[in-house]
Each structure stands twice: as C-alpha cells, then as structure tokens.
Amino acid sequence: MALALVWISTVPAAPPSTTRVEELATWLPAHPTGVGRPISDRPAWTTLAEKPQWRDLIREAESLAQSGLPEQPDELYLDFSRTGNRDRWQRVAFARRGRVATFTLAEALENRGRFLPPLEETLNALCAERTWVYPAHDRSLRNFRGEIVEMDLGSTALSWDMATALWLLGDKLSPETRARVRDNLERRTLRPFRAMIEGRQPEAFWLRATHNWNAVCLAGTVGTALAVVESPRDRAWFVAAAEDHIRFFLRGFTPDGYCSEGLGYWNYGFGHFTWLGEMLRLATGGRLDLLALPEARMPALFPWRAEILNGVYPSISDCSPGTRPDARVVQVLAQRLHLPLPGGVQAGEPGPGHALAITVLSAFLPRPLPALSTQPDAFQPDPLRTWFENAGVLICRPPEGQPPFAACLKGGHNAEHHNHNDVGSFSVVVGSTMVLCDPGAEVYTARTFSSRRYESRVLNSYGHSVPVVDGQLQQTGASARAQLVEVSLGPEEDRLVFDLTRAYKVEGLTRLLRTFVFRRGPHPALTVTDSWQATRPVTFESALITWSPWSRTTHQLRVGDEHAAVRVTLNTHGAEYTVSDEILQEDVRTREKPRRLAVRLHQPTGAGRLQTTIEPLPR
C-alpha cells in the first residue's frame with residue numbers, strides 16, 4: 001500500500017564515523033548527564049515549586065498515589081489484534097506511564113520521600129511488562145511473545161522518561177530498582193538500537209523514515225543514552241548515529257518547509273527534533289546544534305507560515321481540527337530564530353506535563369536561549385499569503401483592516417505523509433472560524449493504517465471539497481496529483497489553476513481543471529471553478545465540507561452560524577442540479593461530525609463548468 005507513512009530512503013544505514021565518535025566524546029561530560037536538574041539541586045527545584053502550576057502537581061500526585069496502579073493484563077494488549085481498537089489499551093498504558101512523570105516531578109519538587117514508593121512500584125511494574133511496543137505497532141505479536149525486541153514511538157519515549165527519572169532522583173531510588181530499570185533500558189532500547197546500526201538486527205523502518213517516527217525515536221534513544229551510559233565514547237556513538245540519521249527526517253519536508261503530515265505531527269515530529277537539538281546543544285557545550293543545519297531552517301518556520309487567519313491553522317491530513325503550534329516548541333524556536341510567536345500562541349512559562357524528559361528539559365533550559373550562530377537573513381513573512389510552491393499549497397489572507405476572510409487551497413498528491421485523498425481541496429476561514437473545512441483526522445483504529453484506510457469517508461476524497469467524476473472518487477498514490485497550470489499572486493487577487501485529471505481514473509476523462517480565484521478588498525470572495533471535458537458523457541458533482549448549519553435559497557447557500565457565515569453562489573451555466581446534505585458517519589475527533597453538501601448535476605455531460613463563489617456574510 002502506497003502510504004507515505006512508510007516512505008523510506010534506500011540509502012543503507014552504516015555505523016557512525018569513528019573519527020566523529022571520538023570528537024563527540026571529547027565534547028560530552030565525563031559522566032552520564034540527563035536533562036533538567038537533579039533533585040540535589042534544591043535551589044532549582046525550590047524555585048519551580050513556588051509556581052502555582054507546579055504546586056498543583058503535588059496534589060495530583062497525592063491523588064494518584066491513592067488511586068493505585070492500573071492493571072494491564074495480557075488480554076488488554078491483545079484487544080487490538082482482536083478488535084482493532086487502540087484506545088482501550090492505550091488509555092491504561094498512558095495512565096501507567098504517566099505516573100513516572102507525575103511521581104518523579106512531585107518528589108523532586110518536595111524532596112520528602114513520600115512519592116518514592118508509588119514511583120518504584122510503577123517502575124518495577126513497567127519493567128515487568130512483556131513489551132513496551134504499542135499493540136498497534138506489534139501486529140505480528142512477536143514483541144508480545146518475546147521473539148524479538150523492537151523499538152517504537154512508545155517504547156523510546158518511555159525509555160527516555162525512565163532514564164530521566166534515574167538521573168533526576170539518583171540514589172533516592174533503591175539500588176534494586178535502579179539496577180532493574182538500567183537492565184531494561186539496555187535490553188529494550190540501547191542494545192537493539194546499536195544492533196540495528198551495526199547490522200546485527202533487522203533495521204526498523206523508522207531509522208531512515210522521512211516522517212515523525214524518525215525524530216521521536218531518535219530523541220528517546222539518545223536521551224536514554226546520555227542519561228545512563230557510563231562511557232563518554234559509548235554515549236558519543238549514540239549521538240553520532242542520531243546525527244547521521246536525523247537528516248532522513250528533514251528530507252520529509254518539501255524544500256519550502258511544508259509538513260504534509262499536518263501541524264499536529266509537526267508539533268510531535270519537529271518538536272522532538274527541537275528537543276533532541278537542544279539536548280545535544282547543552283550536552284556538547286554548544287558545539288553540536290541541529291537547528292543550525294541548513295535543511296532545518298524552512299521546516300522550523302512552518303508554524304509561522306502555515307497560519308490561515310487569527311490563530312486558525314489548516315486541518316489537512318491526520319491533523320485534529322483546532323490544532324495550534326506547540327507553545328513550548330515555538331517559544332524555543334522563536335528565541336533562537338529571533339521571531340515573534342506565531343498566531344494563536346501565548347507566551348508563558350513551561351508547566352508540568354506527562355512526558356517527564358520533555359517537561360524538565362523545557363523547564364530548565366538556560367534562558368535566554370542563544371541565537372543561531374549561522375542565522376541567515378531574518379525571516380520576513382508575507383502578510384497576504386504563503387505559497388508553498390513545492391507542496392502546491394496556497395494560503396490566502398486579507399490585508400489589515402479588510403474583512404477577516406481567508407482560504408487554504410491544496411494541490412499536492414495522494415501519497416503524502418498521513419495522506420488523505422484531497423487533491424484540489426480547500427478550506428475557508430471567517431474571523432476565527434473555519435466555516436468550510438477539511439475534516440481532519442479520524443479516531444485511529446486498525447483500519448486507519450491498513451489496506452482499508454480509504455474506506456473512511458473522511459480520509460478518502462468523498463469527505464473533502466473535491467469533485468466526484470462519473471461516480472469515481474480520487475485515486476490513491478503519487479501519480480494522483482494536481483499539476484500546476486497557472487499561478488498569479490497579486491495584492492488584490494491570487495489566482496491558482498490545477499489540472500486534477502490524473503487524480504481520477506475515469507474512462508474518457510480528458511481534462512479536469514480547478515481554478516481558484518481569491519479576491520481581496522472590501523467585498524472579498526473565493527471563486528472555485530471546475531471545468532471538464534470527456535470523450536463521453538460523465539456525471540459530475542462537487543462538494544463543500546462543513547461543521548456548520550446551512551440553508552438554501554434558489555441558487556445560493558448560507559453556511560455558518562451567527563458568529564461566522566458565508567454565502568455560496570452556484571452557477572452551473574444552465575445545467576440542472578440538486579444540492580444534497582449528508583452527515584459523514586465516521587468516528588472523528590471533533591464534537592460535530594462533518595457535513596457534506598454535494599452539488600450534483602442531473603445529467604451526464606461530455607463537457608461542463610461549475611462555478612462556486614464564496615463570500616463572507618456580515619455579522
């Protein structure tokens with residue numbers, strides 16, 4: 001299956017350069033050093049304990065200690081392989097794993113010893129689990145059965161947190177617990193990683209993947225090594241291996257920095273790249289700075305360029321609608337890149353979280369953060385638009401003082417990371433509301449990442465604002481792409497024309513153009529015109545996707561509520577049509593299920609034109 005989720009380079013992995021390992025070893029501390037400050041640094045933790053959000057954590061830890069450790073029987077792990085449900089196991093697993101952060105932080109803040117027993121109970125229980133790999137990532141159950149020890153997003157994150165707990169608390173933990181945790185970190189993370197790099201174990205796909213898995217797993221692995229591996233040279237080996245392989249992650253962005261996984265996965269993937277970079281910068285005394293890599297600059301700027309309007313960002317791909325840039329991540333990047341915060345993000349001091357390592361790394365980063373030593377010319381955003389030319393995505397915004405009406409127009413192809421079949425789709429924002437939308441991600445199940453992925457009506461093209469031609473939805477794969485025909489960007493109008501023909505496998509279809517015209521001014525509008533030609537009559541319909549209520553007059557629709565609404569004018573150039581309304585019955589992450597408004601021509605035709613004009617309505 002052509003899922004970009006498993007898009008992997010064919011360049012073979014190789015052990016890191018001995019020369020580079022030796023150089024890095026001279027930069028690293030003589031002894032293992034994790035992130036944050038150890039519990040023995042009482043001034044650092046006392047300062048933190050005086051802040052309200054950190055005091056609240058003590059009460060959370062007290063309540064959690066009373067609730068007892070949730071049980072995680074084998075039957076719960078096997079639930080996914082039997083039913084495809086991810087949530088039931090994950091709910092319990094996340095509760096168990098989250099106790100590591102809560103109890104470790106509470107003990108470090110308070111230093112009275114009362115959270116050590118529930119923490120040790122948790123650490124020992126986690127060490128007793130059959131595997132740290134998620135059931136959804138162990139479909140063969142080989143990890144569950146103990147036939148192999150692999151690494152995934154969950155196991156590397158847990159490893160980093162447990163290693164961080166050891167580093168923070170030191171001999172406050174019993175020798176038996178410390179030894180057991182170290183043995184598990186070696187067996188479940190450090191040894192398999194080294195074996196993969198040295199060719200003694202099959203290579204995990206994520207090692208050379210160009211999506212979030214690469215950055216997340218490398219950050220967890222290196223964080224573990226820095227915190228517990230005694231030999232500086234051995235620690236340097238892990239750093240050098242990550243330095244080599246993190247470049248695959250950066251290759252997953254287009255040259256203009258577009259993240260096809262969506263903003264949520266930018267937060268996760270580039271967020272871990274940022275934390276890995278800051279961790280290595282601190283560990284090497286500033287000598288190794290991943291953010292200074294030339295290929296990191298444009299991906300780092302993605303949140304600054306991706307805002308549609310008023311803190312609203314695209315929900316393209318497997319992104320939860322309403323997602324904004326991670327405040328902790330962009331505050332680091334803003335300081336290092338000398339930028340204001342992106343829209344919708346408020347400045348604030350980092351608070352406690354469920355990921356221990358990231359929480360303490362963020363909380364104890366020495367500030368002010370240094371600007372990049374290789375900082376190029378300052379980034380100057382275009383207030384009117386962002387044109388991700390390499391990705392084929394255009395975001396159109398109004399000038400200051402004009403009606404708050406904006407749009408996101410998508411070309412691209414149907415084999416992108418966390419792909420939806422959405423070539424030619426669009427979203428419209430009025431004020432702070434996405435009135436016409438991309439429905440975003442569904443709730444993940446076994447179907448989501450299988451050959452049945454595009455049975456979902458929010459992942460296939462039926463759930464996007466694109467045509468259905470002769471009853472056919474868009475194809476999946478890189479060949480199903482929008483070919484750029486024309487782009488014209490100006491102060492009053494942006495014009496974008498895509499040829500969508502290759503996205504459809506329809507006999508006789510010779511041409512399908514979608515033309516977007518975004519007009520600025522006191523009376524802004526987005527006009528979407530579909531024109532098609534075929535060697536035989538074909539049926540045609542297009543759609544609008546929304547979470548909002550709607551109503552209809554003769555040739556117009558009103559979509560929205562009292563806070564934000566648009567008028568949609570339909571012009572089929574004389575062809576009769578109907579408008580139908582359907583709620584997409586999929587398990588989605590929004591309170592309201594998306595609504596599909598389909599404009600369907602009555603009669604098949606060998607050529608035709610459908611023009612849809614969208615204008616904001618005054619409040």
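Here are three short exercises on the predicted model above, each with a worked solution.

This is a predicted model, in which local features need pLDDT of at least 70 and side-chain atom pairs count only at pLDDT 80 or more, while totals for chains, interfaces and linings use all residues. Residues are numbered from 1 along each chain as its sequence is written, and side-chain values use heavy atoms, leaving out hydrogens and water.

**Exercise 1.** Work out how compact the protein is for its length.

*Solution.* Start with the elements: the protein has 15 helices and 19 strands (DSSP runs, H or I of at least four residues for helices and E of at least two for strands, numbered from the N terminus). Next, its radius of gyration, taken over C-alpha atoms, is 26 Å; the globule rule gives 25 Å for 619 residues, so the protein is as compact as a globular protein of that length. That rule is 2.2 Å times the number of residues to the power 0.38.

**Exercise 2.** Find what share of the residues is buried.

*Solution.* Take buried as under 20% relative accessible area (1.4 Å probe, protein chains only). Of the 619 residues, 60% then qualify.

**Exercise 3.** Trace the open sheet of four strands and find its edges.

*Solution.* First, the order is β7-β13-β18-β17, with antiparallel pairing; two strands pair if DSSP finds at least two bridges between them. Second, β7 (468-469) and β17 (577-583) each have a single partner strand, so one side of each lacks a neighbour in the sheet. Third, seven bridges join β17 to β18 (residues 595-601). Finally, Thr578 has Arg600 in β18 as its bridge partner.

Definitions and conventions. Buried means under 20% relative accessible area, exposed over 50%, partly exposed in between (1.4 Å probe, protein chains only).
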